[in-house]
Amino acid sequence: MEHQLKDLRHRTLRDLRISVTDRCNFRCRYCMPSEIFGPDYKFLPGDSILTYEEMTRLARIFVSLGVKKLRITGGEPLMRKDVASFIRALSRLEGVEDIAMTTNGVLLPKYAKELRAAGLMRVTVSLDSLDDQRFRSMNGGKSGVQPVLDGIDSAEQAGMKVKINMVVQKGVNDQDILPMAAYFREKKQTLRFIEFMDVGNTNGWKPDNVVTKKEILEIIHEKMPLEPVDALYHGEVASRYRYKGSNEEIGIISSVSDAFCSTCSRARISAEGKLYTCLFASRGHDLRALLRSDQTDSEIVRFIEDIWQARSDSYSEDRMIHSQQLPKIEMSHIGG
Ligand code: SAM
Ligand code: SF4
Ligand code: SF4
């Protein structure tokens with residue numbers, strides 16, 4: 001019988017996001033501002049990061065608990081050596097229906113074929129602007145636009161499905177909403193707009209910096225009329241819209257203005273093996289200690305079951321009543 005692990009709000013555990021590294025070759029201001037993540041920043045030492053064998057063991061355990069979808073993230077996941085071998089191990093797990101990766105894309109030309117051959121089905125590539133100068137100023141001067149577009153092309157050529165993520169910040173890149181929409185519509189690739197979120201403690205988030213789902217839709221609809229599309233499955237994060245009279249779509253991830261906690265089925269594991277039941281959690285549960293002691297799989301299963309069954313997270317629904325002072329896990333640790 002299928003495992004139906006439920007939390008306190010009757011939400012099942014369906015998705016697992018695994019961060020394979022806390023390092024990144026970008027310094028996006030909203031995620032890893034270079035003043036904080038500078039040359040002296042202490043990233044996780046190698047021995048505190050889970051090995052691929054440890055991550056694969058955890059993935060197997062989570063799949064036995066009902067997880068169907070796996071997403072590899074970071075930091076920048078392609079910064080870690082031989083991610084393809086990890087994907088290969090994951091793709092052999094019985095019960096996994098989908099393996100995806102979120103990446104900034106610049107290393108895809110180098111690795112896309114290998115990743116596809118290893119079993120990676122989908123990539124989400126993050127790109128916040130088509131304007132070179134603006135994009136550079138958003139990513140800490142680490143890359144222009146073209147290397148990311150090349151990454152997108154190489155993923156598609158390798159046979160993977162590609163989606164694009166754009167984080168929208170008021171006064172920073174809201175003028176790019178329309179050019180990005182038009183460009184990716186033309187390329188027949190789905191662009192997903194993400195409301196700027198108050199993840200971590202370092203990105204200076206204020207409610208005023210958010211361009212809401214409603215505002216994004218209005219901007220696009222005025223020039224390219226849209227109609228809503230039904231969710232493909234329960235718990236889909238993005239609300240979907242289609243350009244009228246076409247098959248091309250956009251998505252909007254409205255964690256701030258229209259929270260979707262009530263269907264949130266995602267667990268996250270950081271590179272050092274902490275389990276987080278919410279993107280905005282202040283505390284993780286140490287799975288590495290269990291992996292590196294003599295705990296059996298069944299003991300680890302019980303540990304995770306207890307955590308999920310006690311889960312009541314709904315940060316985004318309650319955002320405005322939370323104290324903004326509570327320390328939260330950084331995005332570069334947990335990977336979005
Ligand atoms: N480095 C990879 C990348 O950028 O795609 C994977 C990790 S990154 C943390 C995952 C996603 O989180 C990216 O699409 C990024 O744009 C998004 N993200 C990071 N900080 C964010 C924030 N404060 N608000 C909304 N999205 C954010
Ligand atoms: Fe790196 Fe991704 Fe964070 Fe940008 S959003 S700094 S690419 S981890
Ligand atoms: Fe899930 Fe937490 Fe985001 Fe709500 S705030 S959707 S519980 S990760």
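Me: What makes a stretch of this chain count as helix or strand?
Reply: Helices are DSSP runs of at least four residues and strands are DSSP runs of at least two. In this predicted model, residues 8-227 are 33% helix and 17% strand, and the C-alpha atoms at the two ends of that range are 35 Å apart. UniProt, in an unreviewed entry, lists residues 8-227 as "domain: Radical SAM core".

Me: Why is the pair between tyrosine 30 and ligand 1 called a polar contact?
Reply: A polar contact needs two N or O atoms within 3.5 Å. A polar side-chain atom of tyrosine 30 lies 3.1 Å from an oxygen atom of ligand 1, so the pair qualifies.

Me: What makes glutamate 76 and asparagine 165 polar partners of ligand 1?
Reply: The cut-off is again 3.5 Å. Glutamate 76 has a polar side-chain atom 3.2 Å from a nitrogen atom of ligand 1, and a side-chain N or O atom of asparagine 165 is 3.3 Å from an oxygen atom of ligand 1. Both distances are within 3.5 Å, so both pairs count.

Me: How do you know whether ligand 1 is buried or exposed?
Reply: Taken alone, ligand 1 exposes 550 Å², and the protein buries 95% of that. Strands E3 (98-103), E5 (161-168) and E6 (190-195) each give two or more residues to the shell around ligand 1.

Me: Why are Cys261 and Tyr315 counted as nonpolar around ligand 3?
Reply: Cys and Tyr are on the nonpolar list, so both residues fall in that class. The residues around ligand 3 include Cys261, Arg266, Asp313 and Tyr315. By class, the shell has seven nonpolar, one polar and three charged residues.

Methods
Residues are numbered from 1 along each chain as its sequence is written. Chains are lettered from A and ligands numbered from 1 in the order in which they are written. This is a predicted model: local features need pLDDT of at least 70, side-chain atom pairs count only at pLDDT 80 or more; totals for chains, interfaces and linings use all residues. Side-chain values use heavy atoms; hydrogens and water are left out. UniProt positions are given in the numbering used here, feature names are shortened, and annotations may be inferred rather than shown by experiment. A polar contact is a pair of N or O atoms within 3.5 Å; within protein, one must be able to donate a hydrogen and the other to accept it, and residues adjacent in sequence count only if both atoms are side-chain atoms. Accessible areas come from the Shrake-Rupley method with a 1.4 Å probe; for residues, only the protein chains shown count as cover. A residue is near a molecule or strand if one of its heavy atoms lies within 4 Å of it.
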